[in-house]
Amino acid sequence: MKVKEFSDVTGWYDPEVLKENLPPSYDLILVDGPPSFFGRGGFYEYIHLFNTKTTIFIDDVDRDPELNLVKLLSKKLERPYHVVSYRMKKIGIIPALKHAN
């Protein structure tokens, strides 16, 4: 689902490539790309392709678009988020559902 807060550039997350290459099982999702000029709207748009029951880490939430992504995901997944600061960086975390495996 495209959201006005994100750019229309979603090519970094090609849904066909995701479908073919996502492993059947994984313990976490770490979003640390693409570079900020691409944006991460594609991750949100194709979130249905991922196992969202696991813990999700979003890097660079010291930037407004990334913080907004964490807030939108938190609302969509109906799970709280936390922001952890490390040095001059911030990471958004949406904890896994209990018994996610």
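In the predicted model, Ile56 has Ile94 of strand S4 as its bridge partner. This pair belongs to the contact between S2 and S4, which are paired in the antiparallel sense over four bridges. A further pair across these two strands is formed by Phe57, which stands opposite Ile93 in S4. Ile56 also has a counterpart in S1, since Ile29 stands opposite this residue of S2. S1 and S2 run parallel and are joined by four bridges.

The sheet as a whole is open and consists of four strands in the order S1-S2-S4-S3, with mixed pairing. S1 and S3 are the edge strands, each pairing on one side only. On average, neighbouring strands are turned by 20° against each other, direction ignored. Helix H3 packs on the sheet and touches S2, S3 and S4, and the direction of H3 makes about 160° with that of S2. Strand S2 is largely enclosed by the rest of the structure, because four of its five residues are buried. In a regular strand, side chains alternate between the two faces of the sheet.

Along the chain, three helices and four strands are found, and from the N terminus on they follow the succession α-β-α-β-α-β-β. The chain has 101 residues, of which 38% are buried. The accessible surface amounts to about 6700 Å², and carbon and sulfur atoms contribute 56% of it. Among contacts with a separation of 6 or more, 61% are between residues 24 or more positions apart.

The largest nonpolar core comprises 19 residues, and those with the most contacts inside it are Ile29, Phe43, Ile56, Ile58 and Leu73. Two or more core residues are given by each of strand S1 (28-31), helix H2 (41-45), strand S2 (55-59) and helix H3 (64-77). H3 supplies the largest share, with five residues. The surroundings of Ile29 include both aromatic and polar side chains: not counting residues up to four places away in sequence, Ile29 touches Phe43, Phe50, Asn51, Thr54, Thr55, Ile56 and Phe57. Of these, Phe43 and Ile56 are, like Ile29, listed among the core residues with the most contacts.

Two polar side chains outside this list were also examined. Ser74 lies in helix H3 and has a relative accessible area of 9%; being under 20%, this value means that Ser74 is classed as buried. A polar atom of the Ser74 side chain lies 2.4 Å from the backbone oxygen of Arg79. Apart from neighbours within four places in sequence, Ser74 is in contact with Arg79, Pro80, Tyr81 and Ile94. Ile94 is also the bridge partner of Ile56.

Arg87 is located in the loop between strand S3 (82-86) and strand S4 (89-94). The relative accessible area of Arg87 is 73%, and because this is over 50%, the residue counts as exposed. The side chain of Arg87 is joined to that of Tyr86 by a polar contact of 3.5 Å. Ser74 is thus buried, whereas Arg87 is exposed.

Conventions: Residues numbered from 1 in each chain as written. Predicted model: local features only at pLDDT ≥ 70, side-chain atom pairs only at ≥ 80, totals over all residues. Heavy atoms only, no water. Buried < 20%, exposed > 50% of the residue type's maximum accessible area, 1.4 Å probe, protein only. Contact = heavy atoms within 4.5 Å. Areas by Shrake-Rupley, 256 points an atom, 1.4 Å probe, with all protein chains shown as cover. Core = buried A, V, L, I, M, F, W, Y, C linked by side-chain atoms within 4.5 Å. Polar contact = N/O pair within 3.5 Å; in protein donor to acceptor, adjacent residues only side chain to side chain. Pairing = 2+ DSSP bridges. Axes fitted to C-alpha atoms, helices over the stretch in contact; angles between N-to-C directions.
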